[in-house]
Amino acid sequence: MTLQGEPSAQRHDAGPEHRSSPDVRLYTPAEAAAMLQVRESWLRKKASARVIPCTFIGKHLRFSDQDIAGIIAAGAKQPVVRRRRGRF
């Protein structure tokens with residue numbers, strides 16, 4: 001039973017979509033560029049063109065761990081395997 005004027009427990013429990021996760025880390029373009037060992041200008045240009053995963057908070061560009069992992073995965077190339085021709 002709640003007292004009048006006291007908020008109910010349901011009001012405090014705002015589902016998981018409204019809770020901020022304390023383990024989410026966002027990196028500035030400078031920090032992300034240093035991690036990826038690329039120029040910050042390259043990173044900003046690709047993000048503005050929406051070619052790489054990124055996060056915009058208002059007009060501020062940020063990169064999550066998932067964004068950085070996506071950039072790395074997109075840049076990974078499989079080795080080219082050439083077949084040797086047999087003597088037929």
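User: Before we start, when do two strands count as paired here?

Analyst: Two strands pair if DSSP finds at least two bridges between them. In this predicted model, β1 and β3 meet that with 2 bridges, in the antiparallel sense.

User: Okay, which residue in β3 is the bridge partner of Leu-26?

Analyst: That's Ser-64.

User: And what's the strand order in the sheet?

Analyst: The order is β1-β3-β2, an open sheet of 3 strands with antiparallel pairing. β1 and β2 stand at the edges with a single partner strand each, so each has one side without a neighbour in the sheet.

User: Which helix packs on the sheet?

Analyst: Helix α5 does, and it touches β1, β2 and β3. The direction of α5 makes about 75° with that of β3.

User: Let me zoom out for a second. How many helices and strands are there?

Analyst: There are 5 helices and 3 strands. Starting at the N terminus, the elements go α-α-β-α-α-β-β-α.

User: Back to α5, then. Which of its residues are buried?

Analyst: Asp-67, Ile-68 and Ile-71, in a helix that covers residues 65-75. They sit on the same side of α5, because they cover an arc of only 100° around the axis.

User: Why would residues a few places apart point the same way?

Analyst: An α-helix has 3.6 residues a turn, so residues three or four places apart point the same way.

User: What's on the face turned away from the buried side?

Analyst: That face of α5 carries the exposed residues Gln-66, Ile-72 and Ala-73.

User: And what do the buried ones pack against?

Analyst: Three strands and two helices: β1 (26-27), β2 (55-57), β3 (60-64), α3 (29-36) and α4 (40-48). Take Ile-68: leaving out residues up to four places away in sequence, it touches Tyr-27, Ala-32, Met-35, Leu-36 and Phe-63.

User: How many residues are in the largest nonpolar core?

Analyst: It has 11, including Tyr-27, Leu-43, Ile-52, Phe-63, Ile-68 and Ile-71. At least two residues come from each of α3, α4, β3 and α5. With 3 residues, α3 gives the most to this core.

User: New topic: how much of the protein is buried?

Analyst: Buried residues are 16% of the 88 residues.

User: What about the exposed area?

Analyst: About 8100 Å² is exposed, and carbon and sulfur atoms supply 52% of that.

User: Last one. What share of the contacts with a separation of 6 or more comes from residues 24 or more positions apart?

Analyst: They account for 40% of those contacts.

Technical notes:
Residues numbered from 1 in each chain as written. Predicted model: local features only at pLDDT ≥ 70, side-chain atom pairs only at ≥ 80, totals over all residues. Heavy atoms only, no water. Buried < 20%, exposed > 50% of the residue type's maximum accessible area, 1.4 Å probe, protein only. Helix = DSSP H or I, 4+ residues; strand = E, 2+ residues; numbered from the N terminus. Arc of directions from axis to C-beta. Contact = heavy atoms within 4.5 Å. Core = buried A, V, L, I, M, F, W, Y, C linked by side-chain atoms within 4.5 Å. Axes fitted to C-alpha atoms, helices over the stretch in contact; angles between N-to-C directions. Areas by Shrake-Rupley, 256 points an atom, 1.4 Å probe, with all protein chains shown as cover.
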